[in-house]
Amino acid sequence: MTAMTVFRYELQDLRRSRWVMGYTLCLLLLTEALLRFGGGGPRAVLSLMNVVLGVVPLVGIVFGTMYLYGSRSFIQLLLAQPVGRGELFAGLYAGLALPLAAGFLLGVGLPFVWDGGGEGALAGPLAMLLGAGTLLTLVFTALAMLVSLRVNDRAKGLGLAILLWLVATALYDALIVLVATTFSDYPLELPLIGLIILNPIDLARVAMLLQLDTAALMGYTGAVFERFFGSAVGVWLSAGALILWWAGPLVAAHRRFCRNDF
Amino acid sequence: MIPLPCTVIEGIGVTKRYGGVPVLRGIDFAVKAGRVTAILGPNGAGKSTLIRVLLGLARLDEGSVTVSGTVVGDDPAYRAAIGYMPQHPHFPENLTGREVVRLLRELRGHTVPEDDELFVAFALAAELDKPVRVLSGGTKQKLNAALAFMFRPGILLLDEPTAGLDPVASGVLKAHILSARAAGATVLLVSHVLSELEDLVDDVIFLLEGRVEFLGSLRRLEEITGESRLEPAVARLMQRKAS
């Protein structure tokens, strides 16, 4: 009851937020432009994939962190009411993550609907793109909750949020390249699969590339990836890893919220 | 014989540290029912922390606090009897004042008639349909005060209640605090403007470096310090401690 009430009002707040509207509009314009002028079809999805993998986690973690620091005083007022902390946390998280996920789905999905580009062979990759973007939103807003609860100082918290995004999108890949070049004489396909599973953005990237039938471009590695991620074990392991990436920070943030001083 | 007012809030050995630094150092205190008690002290004395401890916003390191017979802990139900006015109100900027009122009403599941006297006295009706982000600081503070009194709570915790209010609004709020007391409410307030408290306060808790330096009635404070005004009386307490 408390969670639903807080969720509804936070949803109303973010629905009117210029930042969320701007985010949705930017994605909408970009998707429309790529569909019209970027060759359409698989090419547009491939281009959008790069945007989704970079921008969606960035918006999720930075907007989420800023919003939560800005709401700290209001959270105090809510906690001064006869409401449980656990329920309040659930309402706050849902009220933050779901409007951002809805903004993403509308921004990327609507142009495909009115341009009719999401049918036939493109339906699978588009569904994967929308699913991955939604899941990344949930993961990175959960990380934003954790950062804003663990770090009291707003500037330090925002810095940590950007650092986490940088590690997940760029630095981690640099580490993988370093490993791959250093141990290029060894069969690295399986260790690389392990490393990819440890980063939600890489996991989403590989899953989308395989959906777009571009695995052949990666040669033998692509074949190994396709065999692993296409197998039942691979699918379950990938899904489990993404769920862990979502649930892990969320459970940690929930525990922190229930014990934190406000 | 006049019966002694009973204690509605009690703290025993209340200790709170932030990052290992003690802010409240094992203090004992009691707040009597139906009276206005001021928590006074210089910056960093632990006044706002004490309010947060009473609300369960800050967890105790040692000691215990009882509010209306309920030990402050994980059960939030006791807060139904409390109206809280934070020092710096920050409401969601895209909600209207009316939506903030509705949110709190829904969270409390309130069914009894509400106290809308401050909404009327502050002429908030015209402001309630505007987004919070366009409201002035003073209007937000008026809304903040009206929300604290709205559910006719038995206990009012007011953190710097007159900060940001113009003299007229400040007078309205002070009159409302007194009428709440007359109706039986217990009021605990923190303020730096000591001159404003003199005609409001019955009891004083004076905190210094996380310890209770004085706890008692305004008359007792006058007797101890020989000062009839609150400001010099507090100054005398601080001088006594320093010497």
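**Exercise 1. The interface.** In this predicted model, determine how many residues of chain B are in contact with how many of chain A, and describe the side that chain B offers.

*Solution.*
- Start with the count: 24 residues of chain B are in contact with 20 residues of chain A.
- Next, look for the elements behind that side. Strand 6 (82-85) and helix 2 (97-108) of chain B each supply at least two of its residues.
- Then rank them. Helix 2 of chain B gives the largest share, six residues.
- Finally, sort by class. The side of chain B that touches chain A holds 16 nonpolar, three polar and five charged residues.

**Exercise 2. The fold of chain B.** Decide whether the radius of gyration of chain B agrees with or departs from that of a compact globule.

*Solution.*
- List the elements: chain B has eight helices and 10 strands.
- Take the extent. The C-alpha trace of chain B spans about 55 × 45 × 40 Å along its principal axes.
- Apply the rule. A compact globule of 243 residues would have a radius of gyration near 18 Å, and chain B has 18 Å, so the two agree.
- Check burial: 44% of the 243 residues in chain B are buried.
- Check the contacts. Of those in chain B between residues at least 6 apart in sequence, 71% join residues at least 24 apart.

**Exercise 3. A helix pair in chain A.** Classify the packing of helix 2 of chain A and helix 5 of chain A by distance, angle and handedness.

*Solution.*
- Two numbers describe a packed pair: the angle between the axes and the distance between them.
- For helix 2 (residues 18-37) and helix 5 (residues 85-115) of chain A, the axes come within 8 Å and cross at roughly 25°.
- Angles under 35 degrees count as roughly parallel. Helix 2 of chain A is therefore roughly parallel to helix 5 of chain A.
- The crossing of these two helices of chain A is right-handed.
- Now the residues. Helix 2 of chain A contributes Tyr23(A), Leu27(A) and Glu32(A), among others; the residues it meets in helix 5 of chain A include Gly103(A), Phe104(A) and Asp115(A).
- By class, the contact of helix 2 with helix 5 of chain A has 12 nonpolar, four polar and two charged residues.

**Exercise 4. Gly84(A).** Place Gly84(A) in chain A, and state whether Gly84(A) is buried, partly exposed or exposed.

*Solution.*
- Gly84(A) sits in the loop between helix 4 (72-79) and helix 5 of chain A.
- Gly84(A) has 16 C-beta neighbours inside 10 Å, so it counts as partly exposed.
- Beyond its neighbours within four places in sequence, Gly84(A) is in contact with Thr2(A) and Pro76(B).
- Cys258(A) lies 174 residues from Gly84(A) in sequence, yet their C-alpha atoms are 8.8 Å apart.

Note on methods. Residues are numbered from 1 along each chain as its sequence is written. Chains are lettered from A and ligands numbered from 1 in the order in which they are written. This is a predicted model: local features need pLDDT of at least 70, side-chain atom pairs count only at pLDDT 80 or more; totals for chains, interfaces and linings use all residues. Two residues are in contact if their C-beta atoms, placed from the backbone, lie within 7 Å. Helices (H or I, at least four residues) and strands (E, at least two) are DSSP runs, numbered from the N terminus. Ala, Val, Leu, Ile, Met, Phe, Trp, Tyr, Cys and Pro count as nonpolar, Asp, Glu, Lys and Arg as charged, and the others, Gly among them, as polar. The radius of gyration is taken over C-alpha atoms; the globule rule is 2.2 Å times the number of residues to the power 0.38. A residue is buried if 20 or more other C-beta atoms lie within 10 Å of its own, exposed if 12 or fewer, and partly exposed in between; C-beta atoms are placed from the backbone. Axes are lines fitted to C-alpha atoms, for helices over the stretch in contact, and angles run from 0 to 180 degrees between N-to-C directions. Angles under 35 degrees count as roughly parallel, over 145 as roughly antiparallel, 65 to 115 as roughly perpendicular and the rest as oblique. A crossing is left-handed if the near helix is turned anticlockwise from the far one by less than a right angle, and right-handed if clockwise.
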